[in-house]
Amino acid sequence: MIKKALFPSLILLTLAAMVIWQCFFAEKVNYYIISVAILIISMLPFFISFEKRKSTSREITLISSLIALAVVSRAAFYLIPQVKPIAAVVIASAVCLGAERGYIVGAFSAFISNFIFSQGIWTPFQMTALGLVGFFAGLIFRKDSFNRFTLALYGFLSATFLYGLIVDISTILVSLGDNLTISGILSIYAAGMPFNLVFGAATAVFLFFFGEGFIKKINRIDIKYNILKE
């Protein structure tokens, strides 16, 4: 147990030391380092918890399949900006699998799909944002406590504001760098809001028309093969 805890503990301490050094001792603060370090720290508990839990091959297969489906859903709409079903797939998966697995599906979907859409400073922000969209969906909804209207409403709000506001931080860092000002930050958020609204509306539409059916399919697979055993 000590050996298993040693590596993640070293990562956590190293990242925390980087943040403290940048905030209090560096001559020039690098907000890229601080942001990425904080995002990785926020993701570690989910990955460590998932790693420690005894998972069956069927559970891993189901999670991997849902991640692959989320990636494909984003790639299939490659030519239509912001109109992507990826958040809808993550939300539906989280409703069936729970908050922790929902975070895993969201984070890995963003990471893997960026091998198609390109990796960059925005990747950890997208991983965290999409992971949190799945996490809160798993907390709010249960397998039988939803309908297409509540799913669509959550999809719109989470994709527009939770996902959009977190991911836009990467744009702020790229555009403003060390020259962070309130007016500059607000202008970037204002410029990004139309794109966030389109993404939120697309997520709501996909959930409204296909969310219930998709969730029933996942639940049927879970019951048939007794995957989650919960």
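The legends below describe close-up views of a predicted model.

**Figure 1. The largest nonpolar core and the helices that build it.** The largest nonpolar core contains 51 residues, and the members that touch the most other members are Ile91, Leu97 and Leu151. At least two residues of this core come from each of the helices α2 (31-52), α3 (57-76), α4 (86-97), α5 (99-117), α6 (122-140), α7 (148-176) and α8 (182-225). Helix α4 contributes the most, with eleven residues. In soluble globular proteins, nonpolar side chains tend to be buried together.

**Figure 2. The surroundings of Leu97.** Leu97 is among the three residues that touch the most other members of the largest nonpolar core. When neighbours within four places in sequence are set aside, the contacts of Leu97 are Leu62, Ile63, Leu66, Val105 and Leu228. Three of these partners, Leu62, Ile63 and Leu66, also appear among the buried residues of helix α3.

**Figure 3. Helix α3 along its length.** Helix α3 has 20 residues, which should span 28 Å at 1.5 Å a residue; the C-alpha atoms at its ends are 28 Å apart, so the model agrees with the expected value. The residues of α3 that are buried are Glu59, Leu62, Ile63, Leu66, Ile67, Ala70, Val71, Ser73 and Arg74. An α-helix has 3.6 residues a turn, so residues three or four places apart point the same way.

**Figure 4. Ser73, a buried residue of helix α3.** Ser73 belongs to helix α3. Its relative accessible area is 10%, and Ser73 is therefore buried. The side chain of Ser73 reaches the backbone oxygen of Ala70, at a distance of 2.6 Å. Beyond residues up to four places away in sequence, Ser73 touches Pro85, Ile86 and Val89.

**Figure 5. Asn114 and its polar partner.** Asn114 lies in helix α5. This residue has a relative accessible area of 0% and is therefore buried. A polar contact of 2.9 Å joins the side chain of Asn114 to the side chain of Arg74. Residues up to four places away in sequence not being counted, Asn114 touches Arg74, Gln119, Trp122, Thr123 and Gln126.

**Figure 6. The rings of Tyr78 and Phe117, with Arg74.** The structure holds eight aromatic pairs. In the pair formed by Tyr78 and Phe117, the ring centres are 5.0 Å apart and the planes stand at 35°, so the pair is tilted. This pair links distant parts of the chain, since Tyr78 is in the loop between α3 and α4 whereas Phe117 is in helix α5, 39 residues apart. Tyr78 has a relative accessibility of 47% and therefore counts as partly exposed. Arg74 lies over the face of Phe117, 4.1 Å from the ring centre. The side chain of Arg74 also takes part in the polar contact with Asn114.

**Figure 7. The aromatic cluster of Phe149, Phe208 and Phe209.** Phe149, Phe208 and Phe209 are linked into a cluster by ring pairs. For Phe208 and Phe209, the ring centres are 5.1 Å apart and the planes are at 85°, so this pair is edge-to-face. Phe208 counts as partly exposed because its relative accessibility is 22%. Phe209 counts as exposed because its relative accessibility is 54%. Arg148 lies over the face of Phe208, at 5.0 Å from the ring centre.

**Figure 8. Ala129 within helix α6.** Ala129 is placed in helix α6. The relative accessible area of Ala129 is 0%, and the residue is therefore buried. With residues up to four places away in sequence left out, Ala129 touches Tyr163, Ile166 and Val167. Ala129 and Cys96 are 33 residues apart in sequence, and their C-alpha atoms are 19 Å apart in space.

**Figure 9. Two loop residues with positive phi values.** Gln82 is in the loop between α3 and α4. The phi of Gln82 is near 70°, a positive value in a residue other than glycine. Gln82 counts as partly exposed because its relative accessibility is 28%. Ser118 is in the loop between α5 and α6. The phi of Ser118 is near 95°, again a positive value in a residue other than glycine. Ser118 counts as partly exposed because its relative accessibility is 36%.

Methods. Residues numbered from 1 in each chain as written. Predicted model: local features only at pLDDT ≥ 70, side-chain atom pairs only at ≥ 80, totals over all residues. Heavy atoms only, no water. Core = buried A, V, L, I, M, F, W, Y, C linked by side-chain atoms within 4.5 Å. Buried < 20%, exposed > 50% of the residue type's maximum accessible area, 1.4 Å probe, protein only. Helix = DSSP H or I, 4+ residues; strand = E, 2+ residues; numbered from the N terminus. Contact = heavy atoms within 4.5 Å. Phe/Tyr/Trp six-rings, centres within 6.5 Å; stacked < 30°, edge-to-face > 60°. Lys NZ or Arg CZ within 6 Å of the ring centre and 35° of its normal. Polar contact = N/O pair within 3.5 Å; in protein donor to acceptor, adjacent residues only side chain to side chain. Expected span 1.5 Å × (residues − 1).
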